[in-house]
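Please examine the sequence and the structure shown below. The report that follows describes selected packing and pairing arrangements.

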Amino acid sequence: MKNRALIFDIRRFSMHDGAGIRTTIFFKGCPLHCIWCQNPEGIEKNARLVHFPAKCILCNYCIKLKDNAVTMENNKIIIDTSKVIDAAEYEYICPSGALRMDSKYYSSDELMTIVKKDMPFFKYGGGVTLSGGEPFFQADFIIKFLEKLQLAGIYTAVETSFFAVWEKIEQALPFIDTLFVDFKIYDNGKHKKYTNMDNILIKNNIKKVLQSKYSNKVIIRTPLIPKYTATKENLSLIAETLAKWNKNVNYELLNYNPLARAKYQHVAYDYCFVEDKPLYTQAEMNSFYSIIKEAGIKNFR
Amino acid sequence: MESLSRQKRINLLKERMLRQKRYMSIEQALITTRIYQENEEKPVIIKRALALKAALQEMEIAIEPEELIVGNRTKGVRYGVVSPESGGLWIDKELETLPTRSQDKFNVKGADIKTYREVIKPYWQGKSLEDILKDKFGEEFSAISKVAKINQTDHSQGHICPDCDLWLQMGPEQIKQQAQQKLQSENLTNKQQNFYKAIIITMDGAQIFMHRYSELLKQMAAENTQYKKNLLEMADICGFIANNAPESFHQAVQSLWFLFVILQMESNASSFSPGRMDRYLYLFYKRDIDKGSLDKEKALTIIECLWLKFNQIVYMRNTNSAKYFAGFPIGFNIAIGGLDENGNAAENDLSYMFLQAQEDLGLPQPNLSVRLNKNTSQNLLEKSIAVVAKGSGMPQFFNDEAVVDTMIESLQIAPKDALDYAIVGCVELTTQGNNLGWSDAAMFNLNKALELAMNHGKCLLTGRQMGLDIGGLDTYDSFEELENAFAGQIDYFMGKMIKACAEVEQGHMDLLPSPFLSAVIDDCMEKGLDVTAGGAHYNLSGIQIIQAANIADSMAVLYQLIYKEKRITGTEMLTALQKNFQGYPVIKAMVENKVAKYGNDVKWVDNIAVKWAQYFREKLTHYKNHRGGLYHTGMYTVSAHVPMGENVGATPDGRLAEQPLADGGMSPVYGRDAAGPTAVLQSVGRLDNNLTSNGGLLNMKFLPEFFATEQGIKKFAMFLRTFVDLKIPHIQFNVLHKEDLQEAKKNPEKYRSLTVRVAGYTAYFTELDGKLQDEIIARTQYDAV
């Protein structure tokens with residue numbers, strides 16, 4: 001599937017993933033597994049047949065298919081993924097859309113056709129954002145795709161964890177207009193504990209990009225997760241380090257997204273909070289920003 | 001006035017106005033009845049003129065001492081005026097229920113019920129427009145009403161932009177003189193003589209009316225020390241404009257308001273629109289500002305006083321009509337921005353002040369519209385969006401790039417008039433001061449016609465034979481056969497609709513000539529012909545196409561599932577529809593989930609909407625209206641998608657029997673626009689502009705958080721720039737309130753497309769669990785107005 005990418009969502013009219021009105025493409029598969037992940041359906045690297053009970057009308061059409069991959073016990077649909085021969089057949093046969101592939105393969109031409117639909121909007125400053133999952137998880141595809149986008153005159157942005165091979169990043173950089181990079185946790189031990197991977201590669205990549213000629217199109221972001229990333233210690237360590245690497249670094253704090261929890265009913269993982277955490281208030285956000293400011297960062301949003 | 005700040009004055013007047021109870025008023029009805037009785041032998045147009053003059057002389061009037069704009073058609077504000085000459089029947093039936101009906105209640109005084117039944121009703125029985133149409137054509141109209149609903153059967157003509165410029169340049173005295181001169185011409189027919197005489201009578205009345213206000217103001221000044229100066233100034237203004245054309249800005253605005261009050265007294269109709277007020281008032285404004293006799297703060301105060309006035313006249317409709325047009329909209333539509341006579345983008349101080357007034361007052365009237373084009377300034381665009389963000393749903397946006405050329409090409413309107421177009425009612429397009437657009441002649445329910453084509457001409461709800469039996473889903477072997485039957489039902493009902501429209505127009509000519517209105521509509525004075533008889537320069541009739549979105553979704557289902565994929569048979573579908581999908585959950589699920597829907601930028605589905613709307617539009621061109629003008633089409637329903645839906649059985653798109661159709665007119669069906677707002681615009685952009693030359697309506701709902709930041713407003717500006725490029729005629733944004741979201745929580749199927757956006761994350765509101773929905777509701781800061 002080299003020439004095709006596995007995509008779990010495409011959203012037109014994205015308002016918060018870069019300048020203007022954008023189409024955001026969510027690439028499936030991520031090397032990290034953050035316990036607060038807001039798109040947990042994007043972690044797994046393979047396409048899966050999933051069942052949405054809320055939509056199911058219990059018509060039994062799916063359990064009659066020959067491969068017997070889907071069974072029903074106590075009015076509950078159970079999918080044995082290993083037995084599925086033709087997942088598309090399940091999608092077709094299901095009248096309610098309750099059985100769905102959680103992602104689909106697209107060629108870059110197919111993706112171009114979709115994103116070009118909104119060219120009349122991009123004209124006024126929007127474009128295409130690659131997000132995920134981790135877009136660099138399908139690096140060879142995105143490098144070529146980004147080049148294609150740029151050739152078509154479309155302004156490009158990428159949202160990445162930067163857990164990626166530097167050479168691939170380097171190849172993609174010329175075709176990226178805005179690069180959003182997450183710097184979640186400074187301490188390596190904690191990073192490993194909460195994201196399942198250590199952050200040495202990430203830090204190295206951030207340092208390299210901030211000291212490259214591309215530094216001005218990079219925006220470093222820290223998602224504020226109560227207890228895990230939104231601590232004074234973590235934020236000041238991140239900010240000091242960034243300021244040391246490049247005093248003109250662009251930096252942004254992302255408010256906690258309490259809605260992330262909504263998606264966990266459809267995946268096999270647990271969300272990091274059982275209780276509901278509210279959004280940070282403007283006052284709390286301001287005090288986080290003052291930590292950043294104190295650490296020497298000038299360009300923040 | 002020095003002692004009262006703008007804010008204080010406006011809030012005080014606003015609160016006092018909103019505190020007043022709404023009553024039904026028969027004061028003018030009594031005067032009209034008396035005049036008709038005293039002048040039985042005179043021609044109708046003279047009786048109408050005399051009745052208006054008598055009302056202008058006799059109706060009680062009242063003034064608030066803080067007002068900078070005075071005048072109303074009744075002493076109390078927001079009274080529901082009874083006009084027995086147009087609609088008698090419904091009033092009698094609804095006298096007891098007006099105070100308690102579900103929509104648009106009015107209090108009724110016990111004595112008025114008695115007077116109405118003893119004095120007014122006996123005289124008008126069998127004489128009003130409604131009675132006569134009902135006696136002559138009632139059965140004919142009701143036989144077709146579920147497909148073609150004929151309008152204008154119980155009230156005078158509105159939805160008109162008078163020639164405000166002419167009124168301000170001449171004033172009632174000069175108009176009267178012009179009519180007197182015309183009356184001296186040789187070879188006038190009797191009809192023409194009566195027409196000019198009637199104008200003279202009504203202009204006399206207008207002058208008397210203004211003088212009465214001047215006198216009352218003087219009286220009040222004698223007793224009121226606090227506002228003495230204010231009252232005397234207002235007395236001068238009213239006295240001056242009774243005899244002269246206005247000179248100052250304040251005089252001009254006051255004169256304009258009297259024009260609209262008197263138009264409403266003559267016709268009691270829905271929507272007389274001021275149109276492009278920022279254009280024709282600007283000369284007065286600029287002159288006073290340059291002279292130093294007016295400052296911006298005073299100008300804004302005058303404007304806001306006028307804005308309050310627009311809310312003091314409401315339109316009392318019958319119960320059924322109130323369902324179609326809820327909230328007694330009277331449709332004072334004001335269009336700002338747009339193009340000048342050379343085709344350049346136009347805006348001035350007044351455009352911004354009108355937006356400011358809308359922002360400050362947040363009241364339902366006027367219906368404020370912004371005309372956008374490629375060269376609209378970023379400033380005007382962003383200011384307009386900022387006002388939308390306040391949550392009143394206004395202003396709405398119109399697109400010069402979609403409208404001007406269409407008017408020229410498909411309605412043969414002169415370029416200078418098309419450049420100067422304005423809006424009447426809700427979204428209906430018109431030229432200014434020279435057009436009887438008859439924009440709401442009828443509503444044609446394509447979905448009912450499709451139902452009849454699927455079911456052998458029989459109504460799914462009652463089983464009654466309503467249309468032709470051309471066949472049914474159980475007999476058609478191909479999609480083409482179905483399409484032919486659909487076309488056949490449309491043709492059948494169109495013929496009947498046209499005949500009915502002509503009968504209604506004749507009724508207006510016979511019974512409701514309108515000389516005062518005719519005096520401010522070009523070419524009536526020139527021709528000596530009343531506006532109802534075809535005196536206007538343009539004589540159009542608009543038919544609304546109801547609703548292309550459901551047609552596209554239904555036809556797409558029929559085509560794909562029955563004829564292409566053959567997953568279900570025609571007979572199965574017909575039975576499912578007859579059973580309202582009861583016992584057919586799989587078919588219901590399939591039609592909802594397995595076929596693409598209009599509004600998602602899926603070309604083949606969108607093109608079905610275009611195809612049938614065009615079929616309808618093209619067929620209409622074979623007819624002319626009773627005044628010799630063109631028929632054309634609109635795609636808007638305001639709130640009529642609800643009652644129109646009540647007439648239609650289950651539809652192949654999965655809609656259950658009697659449920660609402662798509663709202664708006666160009667909008668996708670509720671909640672089916674899953675691909676987001678840009679896809680909606682692309683889909684709607686596929687509708688050719690000639691389909692909406694009478695007006696189109698695209699309604700889009702957003703969470704307030706989209707507008708919460710400066711960035712959000714800039715992004716909406718980009719969105720609207722593309723809206724202009726895509727040549728879509730109209731768009732309005734509904735910023736959802738807390739109540740809407742609570743409703744979305746309860747009825748998710750209607751709000752399926754509502755998205756919540758966070759960086760790198762997207763989800764549908766209705767797919768969040770209850771607690772998270774509450775979280776968003778808590779974040780929603782706008783309460784219902």
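In this predicted model, helix H16 (residues 378–392) of chain B lies across strands S4, S5, S6 and S15 of chain B, running at about 40 degrees to S15(B). Here contact means heavy atoms within 4.5 Å. Helices (H or I, at least four residues) and strands (E, at least two) are DSSP runs, numbered from the N terminus. Axes are lines fitted to C-alpha atoms, for helices over the stretch in contact, and angles run from 0 to 180 degrees between N-to-C directions.

The strands beneath this heading belong to chain B.

| Strand | Residues |
|---|---|
| S4(B) | 333–337 |
| S5(B) | 367–372 |
| S6(B) | 396–399 |
| S14(B) | 699–702 |
| S15(B) | 730–735 |

An open sheet of five strands has the order S4-S5-S6-S15-S14 in chain B, and its pairing is mixed. Two strands pair if DSSP finds at least two bridges between them. S4(B) and S14(B) each have a single partner strand, so one side of each lacks a neighbour in the sheet. S14(B) and S15(B) run parallel and are joined by four bridges; Phe702(B) stands opposite Val735(B).

Residues are numbered from 1 along each chain as its sequence is written, and chains are lettered from A in the order in which they are written. Local features need pLDDT of at least 70, side-chain atom pairs count only at pLDDT 80 or more, and totals for chains, interfaces and linings use all residues, while side-chain values use heavy atoms, without hydrogens and water.
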